[in-house]
Amino acid sequence: MDLVSMGTVADVMPLIGENRIIVKNGLEHLRYTENKGLRALMHQAGIEDTNITTGTIGFVLAPRINAAGRVGDPKCAVELLLAPDDHTASRLAQQLDDENRERQATEQRIYEEALSMLETDTRFKDDSVLVLASENWHHGIIGIVASKLTEKFNKPTILISLSDSEGKGSGRSIKGFNLFAALQTCNDDLIRFGGHELAAGLTVNREKLETFRAHINQHAKETLTQEDFVPELVIDAELPVEYLHLNTVDKLMVMAPYGMGNASPMFLCRRLRVSAMRPMSDGKHLRLCLTDGHYVIDAVGFSMGDYLEKLAVNDCIDIVFHLEGNVYRGERRVQVLLKDLRHSPQTGDCHG
């Protein structure tokens, strides 16, 4: 159950029906797993004493296992899960952790290079589909970066790793743009391709790269409207700050585990004053202390470090967030996970 639940979450399968039952029970098994490799991996990641959730799998455990196939030898991950003793498991978990750090560094480098291309090359300014290529990009990591760029610009994005006369690409799309169907219209430009509506892989001849970029952008211009490029955030309910406590978290856990097909509820809280703010992970993430004058909450925004330049202490903001419980140094606390924020459009003094 521990391995099956991990695979179900890591492969982003819908958490409904029997999958939900498998994962719900599997998460309990993970906390007390007898698999030496998993225990070593959790120890290496520093999550032994925390509550294991689908987020723990998706953002902590699975990336370490996947790193073996992206930057190293996939056999390492298999050997970890089959480790016969604690010493072997510990050694392999350390190796996977090192490879994951390498993956993160490479991912950040590719991301920054792609952003630089978009900022300096005027060819991409009016493109509806971002098609970027480089000889310096690792083909096992470009898919992750394509996802980040798609999220940042809300445009379909294809990154291509060039080698000799060919390039291997990985693409991610947005709602309303069937990426696989778009690639079918460019069949003559490609050596091969496969995938589905929101993600695809391809191989293209270097000489056909610009032709492919032109053709897929022409298809996008005929398919997409300006409204399609506006990201949509669906809010389930407005939740006043006085309800941001563990009792609410416990009630929400009745519907867990959350994931694909069973999304964690998205809440809105209005007119909170920023009483403190600081960067995390060298400015990559954001931590805010917010108040309505009576209650004080801590909020974390992963990959929202850019907001540090847009906010100031005493600003009045509205936030959209997920609500979770988090165990830190043995103490269970409420965790507000920011998904978006804005300066409050309402007039008058802010709470607090």
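Does I57 count as buried or exposed, and at what relative accessibility? I57 counts as buried, because its relative accessibility is 0%. The close-ups below start from this residue and then move along the chain; please keep in mind that the model is predicted.

**Figure 1. A close-up of I57 and its neighbours.** I57 is part of helix α4. Leaving aside residues up to four places away in sequence, I57 touches S5, M6, V9, A10, L27, L30, A62 and P63. I21 makes a handy reference point for this view: I57 and I21 are separated by 36 residues in sequence, and their C-alpha atoms lie 16 Å apart in space.

**Figure 2. Helix α1 meets helix α4.** Here the axes of α1 and α4 come within 9 Å and cross at roughly 90°. That angle makes α1 roughly perpendicular to α4. On the α1 side the meeting residues are S5, M6, V9 and A10, and on the α4 side they are T54, I57, G58, L61, A62 and I65. Sorted by class, this contact has 7 nonpolar and 3 polar residues, with no charged ones. M6 deserves a look of its own: not counting residues up to four places away in sequence, M6 touches L30, L38, I57, L61 and I65.

**Figure 3. Helix α3 packs against helix α4.** Helix α3 spans residues 36-45 and helix α4 spans residues 54-71; the two pack at an angle of about 115°, with their axes 10 Å apart. Helices α3 and α4 are therefore roughly perpendicular to each other. The crossing in which α3 passes α4 is right-handed. From α3, the contact uses L41, M42 and A45, while α4 supplies V60, L61, R64 and I65. These residues divide into 6 nonpolar and 1 charged, with no polar residue in the contact of α3 with α4.

**Figure 4. The largest nonpolar core.** Stepping back a little, this view takes in the largest nonpolar core, a group of 27 residues. M6, L30, L41, I47 and I57 are the residues with the most contacts inside this core. The elements giving two or more residues to the core are α1 (2-10), α2 (18-31), α3, α4, α5 (75-81) and α6 (86-120). Of these, α4 gives the most, with 6 residues. Apart from this core lies another one, of 26 residues, with V249, A256, A299 and L341 among them. As background, nonpolar side chains in soluble globular proteins tend to be buried together.

**Figure 5. A cis peptide bond at P257.** The peptide bond from A256 to P257 is cis, and its omega is near 5°. P257 sits in the loop between α10 (246-252) and β7 (267-280). A256 may look familiar from the previous legend, as one of the residues of the 26-residue core.

**Figure 6. Two residues with positive phi, R271 and S303.** Most residues other than glycine have a negative phi, and most peptide bonds are trans. R271 is not a glycine, yet its phi is positive, at about 55°. R271 lies in strand β7, and R271 counts as buried because its relative accessibility is 7%. S303 also has a positive phi, near 60°, in a residue other than glycine. S303 is found in the loop between β9 (296-301) and β10 (316-328). With a relative accessible area of 53%, S303 is exposed.

Terms used
Residues are numbered from 1 along each chain as its sequence is written. This is a predicted model: local features need pLDDT of at least 70, side-chain atom pairs count only at pLDDT 80 or more; totals for chains, interfaces and linings use all residues. Side-chain values use heavy atoms; hydrogens and water are left out. Axes are lines fitted to C-alpha atoms, for helices over the stretch in contact, and angles run from 0 to 180 degrees between N-to-C directions. Helices (H or I, at least four residues) and strands (E, at least two) are DSSP runs, numbered from the N terminus. Angles under 35 degrees count as roughly parallel, over 145 as roughly antiparallel, 65 to 115 as roughly perpendicular and the rest as oblique. A crossing is left-handed if the near helix is turned anticlockwise from the far one by less than a right angle, and right-handed if clockwise. Contact means heavy atoms within 4.5 Å. Ala, Val, Leu, Ile, Met, Phe, Trp, Tyr, Cys and Pro count as nonpolar, Asp, Glu, Lys and Arg as charged, and the others, Gly among them, as polar. A nonpolar core is a set of buried Ala, Val, Leu, Ile, Met, Phe, Trp, Tyr and Cys residues joined through side-chain atoms within 4.5 Å. Buried means under 20% relative accessible area, exposed over 50%, partly exposed in between (1.4 Å probe, protein chains only).
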